[in-house]
Amino acid sequence: MKNVKYHLLSLLGMAVLLAGCGNGSGSNGALNSSAAEKVYVAPGEQDEFYAFMSGGYSGNLTVYGLPSGRMFKEIPVFSQFPTSGYGYSEETKPMLETSFGFVPWDDAHHPDISQTNGELDGRWIFINGNNTPRIARISLTTFETEEIIEVPNSAGNHSSSFITENTEYVVAGTRFSVPIPQRDMPINEYEGNFRGSLSFISVDPEHGHMDIKFQLMMPGFNYDLSHPGRGDSHGWFFFTTYNTEEASTLQEVNSSQNDKDFIAAVNWKKIEEYVNNGGGTLMPAEYAHNIYDEATHTATTTMKKEVLTVDPLQVPGAVFFLPTPKSPHGCDVDPTGQYIIGNGKLSADLTIHSFDKMIAAIEGEKFDGEAYGIPILKFEDVLAGTVKSGGLGPLHTEFDGEGNAYTTFFISSEVVKWKLGTWEVIDRKPTFYSVGHLMIPGGNSRKPFGKYVVAMNKITKDRYLPTGPEMEHSAQIYDITGEKMELLYDFPTHGEPHYAAGIPAEMLASKSKKIYRLDENKHPAAVLDPSQARVERDGNEVHIYMSTIRSHFTPDNIEGIKVGDKVYFHITNHEQDFDVPHGFAIIGQNTSELLIMPGQTKTSVWEPKKVGVWPFYCTDFCSALHQEMQGYVRVSPANSNIELSWSLGGD
Ligand code: RUQ
Ligand code: CUA
């Protein structure tokens, strides 16, 4: 296994390690000089892993390098992003359409990378919008959001967005149960009337397009987190629940009454078969499906009108409840698929269920009653073991692929390493402070790359120079190649990373897109040759078809625009070199800049309010003559009759 790990190192990473040895500092204690060397990526060298961290309340996804902790990019997903014009440009605004209208923000929690045979395949990464329930798919070639599907009948889309081992489905579960269909009813009639929907969204194996295959209508509990089975348990999906009390008020007390809540085990293969044979009920629903087309650089929205729902009681043998102590939060499945870990967030111990025992109990029909008709298995019958952790407030677990598990403890602020099967605690290291999720690259697949674990902490306090009351959250990276974990480094994150997903750099770096080919640009307003640059008026709409290349805009000066016009700048970047975007901004615009990648066309709308001669310019320092990359628009009074004219800057 050591060999596997080492051959995953890029040559550059290897050089860092060798440099460490050469220095003669080989000790493996707590923080020492070798810790510094282990995270040091020398200028010009590159990291071993990509880490994609959810942005939480930033709504986006950030890309980091490991082990350096350097941030490479913020990928806009659910939030408008003025840095690139995402959600501001005409081409990308449809990405943020929902059945509630344009929703330019969300709370993004759990990224998950697509898999084939249970191993990371590096095609896409999915992430959930928690607030206005949505699932996004991001390309790991362009690092752009390509698709967002809204999830109807959901609220607080939290047990999401986890994928099955061949990316058959990305799964989204509701945290809050709600009336389904939504209707006007008293809140205190929650019990027995609200429902929790678990959505299985199919992913097209070719282009990744998502489609809600079915929604399982479950009792009105809170569905907190989930994970797919793998290996033998492939075909099942597991969800933690809390508030099985169905309290509708003062939940911090009332939903902690039951000693045990449940992990819901869902045999999705069985339900898929039922649905494929015509089962399920089509229900009216309204939800947006937004797809970004790479050829036209443009997104479109389709409003969907119905969704297929499944009543679990109609598919006997498909859904069971596994009693799990103390309002479990994390729900994790080990790389073999045998163990299902439920972390009661109000307890000290971890509960591990056995998949084989679960199947035996189901086959033996040994039930301990039912909840809304769904059989409850006996706790003792499915229990594989308990980790007496000595910690408090366990949340999430990841795996190193060598038989070890790592669990975060929010209250006692630590990561605890323990052994699968013997349940013994091997090591514990403090986190600073109050850790939530943790991530090992590939740590929720069949093949983890168990070299580092990254802890994502909720409280930063004294770790960095203070920046007023608000501080960015802190992540910490630990070396996990030895028996004991070794804290290497702290680094700030952006927003609130809940989960993260990591992948070896070599799986993505070589296929990362460098330019969009101009000869493949299918944008209807593209200017493929500067000779096509022009300005056209249609009533009070003016369309400026513009091209850019270092270091000018064509056309550069435009006259004949009037107050009250709606001016569309359709700008095509003619560069065909890696990393040469041009920007565009015009004085007084009520939107953001555009950042146009090589070969791309993007559109900005400007509604001039004042008479005058107004400059526009390139916002990205692109060449020695970047400061010269500018132009003017002459804006005349609404009733003027100045003819449209433009200058092609000597072309
Ligand atoms: S959560 S800190 Cu949104 Cu995944 Cu557990
Ligand atoms: Cu183009 Cu600066």
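**A hairpin and an open sheet**

In the hairpin formed by β28 and β29, 5 residues lie between the strands, and G421 adopts a positive phi near 100 degrees. This is a feature of a predicted model, so a word on confidence follows below. The two strands of the hairpin are antiparallel: β28 covers residues 414-419, β29 covers residues 425-430, and 5 bridges hold the pairing together. For a reader who wishes to find the register on screen, a handy place to look is V416, which faces R428 of β29.

Elsewhere, a second arrangement of strands invites a look. Four strands, in the order β3-β2-β1-β34, make up an open sheet of 4 strands with antiparallel pairing. The sheet is bounded by β3 (71-75) and β34 (500-504), edge strands that each pair on one side only. From one strand to the next, the twist averages 20 degrees.

Within this sheet, the pairing of β2 with β3 can be followed residue by residue. Strand β2 spans residues 61-66, and 4 bridges connect β2 to β3 in the antiparallel sense. Here the register can be read from Y64, which sits opposite M71 in β3.

As for confidence, the protein has a mean pLDDT of 94, with 94% of its residues at 70 or more. The stretch to treat separately is residues 1-29, where pLDDT stays under 50. For residues 1-29 the model has 33 contacts beyond four places in sequence.

Key:
Residues numbered from 1 in each chain as written. Chains lettered and ligands numbered in written order. Predicted model: local features only at pLDDT ≥ 70, side-chain atom pairs only at ≥ 80, totals over all residues. Heavy atoms only, no water. pLDDT = per-residue confidence, 0-100. Contact = heavy atoms within 4.5 Å. Pairing = 2+ DSSP bridges. Axes fitted to C-alpha atoms, helices over the stretch in contact; angles between N-to-C directions.
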